[in-house]
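Q: I would like a close look at one part of this protein. Could you walk me through its enclosed space?

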Amino acid sequence: MAQKVFVFGLNPSAGTILTFDRLQLGSVNRARKCTKDIGGKGQNCAKALLSSGVSPHSFEVIQVLGGTTGKDVERLEKDRYGIRSHTIWVDVPTRQTTTVVDAAGTITELIEPAPPLSAHDAAHLDTLIQNLLNASNSDIAGVALCGSLPAGSPLGLYTTIAKNLKRNHPNAVLFVDSVADKECLRSEAVTILKINRSEAIGLLGIDDSNSLGVSGDADIALQLLREFPIRIVAITNGPDRATLAEMTEPIQVTTFVIPSLAGLVESNPGIRSAAKMQDGKLLVNPIGAGDTCTAVFFSTFLMTKDSRSAFKAGLAAASASCLVLDELGRFDLAIANQIGNGIEFEFITRS
């Protein structure tokens with residue numbers, strides 16, 4: 001029986017990355033380089049899976065596409081990356097994103113609003129998903145829910161997926177990189193919730209970590225474990241300290257200190273060779289780094305079931321992806337491994 005891995009990327013985009021020597025607002029700017037690519041959290045996750053060495057035959061992307069921009073996304077997925085997908089074709093065109101890379105060191109992403117799904121398209125999407133999850137000839141090893149849902153999606157779609165997995169595939173790993181559906185998090189089916197710090201604070205409805213009574217991201221993670229029946233919570237905070245909490249007895253909390261890229265470039269010749277500098281300043285592109293972390297964290301956990309080493313690998317890959325200026329969700333695996341060697345962690349036990 002073949003095991004399936006599904007990556008849900010229901011809000012994709014046709015991406016354009018424009019690189020400028022020096023962007024000047026309020027004037028005409030001519031790009032030095034133009035790169036066409038695919039975007040969206042699930043699609044970036046898929047590209048990062050490939051960068052990590054995962055075979056394109058080992059997972060499938062579930063997505064919604066439409067119009068000529070949707071055709072562009074499908075062509076790039078197949079021809080450039082070899083990504084396999086289950087696609088719902090809708091009448092409205094797929095949104096476009098433009099990433100502006102200023103060689104002086106500024107990265108800006110411009111995102112079109114995603115058009116809403118019609119009632120017919122929403123019903124078609126729901127049917128496709130239920131058919132995939134209910135297929136009797138496959139066992140599902142893991143599902144990653146990435147990002148927001150397009151407007152007009154079936155009500156509580158992520159919750160429906162979670163409950164289906166719990167009922168029909170109780171051993172499947174459900175990885176959630178989204179706060180789009182709170183009821184999904186209450187379904188008792190979520191294995192891992194990976195969100196950034198600001199999303200975690202918003203999900204709990206607090207102003208800052210001090211509102212919990214005890215400062216620190218460890219307490220935010222613990223509050224999420226108490227609020228939602230989730231096994232593992234992972235909180236990222238850009239280049240700053242990351243936190244992992246697992247519902248064990250006693251609860252295990254791990255904090256990760258990520259080495260600065262600037263320091264690594266200065267001390268490591270291998271990493272320095274991949275870095276781009278401008279006037280002595282390291283250029284980085286953090287857009288899509290979170291999706292890269294999701295991909296490597298998810299795939300490594302599927303193989304090892306070791307949340308600590310999997311999250312560490314994801315954080316290292318995310319840092320490595322910041323060195324790639326003109327592609328999102330791509331990174332050098334050797335550099336990621338070198339960065340991972342420098343990540344330090346501290347264990348905290350809470351009752």
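How many nonpolar, polar and charged residues does the lining of the second largest cavity have?

A: Happy to help. This is a predicted model, where local features need pLDDT of at least 70 and side-chain atom pairs count only at pLDDT 80 or more, while totals for chains, interfaces and linings use all residues. Residues are numbered from 1 along each chain as its sequence is written, and side-chain values use heavy atoms, with hydrogens and water left out.

The lining of the second largest cavity has three nonpolar, six polar and two charged residues (Ala, Val, Leu, Ile, Met, Phe, Trp, Tyr, Cys and Pro count as nonpolar, Asp, Glu, Lys and Arg as charged, and the others, Gly among them, as polar). A cavity here is a set of points on a 1 Å grid over the protein atoms alone where a 1.4 Å probe fits but cannot get out, and lining residues have an atom within 4 Å of a point. The volume, about 50 Å³ for this cavity, is the space filled by probe spheres set on the points, with grid points joined across faces, edges and corners.

Among the lining residues are G15, D37, K47, T98 and L328. Strands β2 (13–20), β3 (33–39) and β6 (96–102) each give two or more residues to this lining; strands are DSSP runs of E, at least two residues, numbered from the N terminus.

For context, the count comes to two cavities of 30 Å³ or more. The largest holds about 120 Å³, and of its 15 lining residues, N11, V64, P93, T94 and P115 are the closest to its centre. Its lining divides into eleven nonpolar, three polar and one charged, and strand β4 (residues 60–66) gives the most, with three residues.

Conventions: On a 1 Å grid over the protein atoms alone, a cavity is a set of points where a 1.4 Å probe fits but cannot get out, and a pocket is an open set with protein on both sides within 12 Å along at least five of seven lines; lining residues have an atom within 4 Å of a point. Helices (H or I, at least four residues) and strands (E, at least two) are DSSP runs, numbered from the N terminus.
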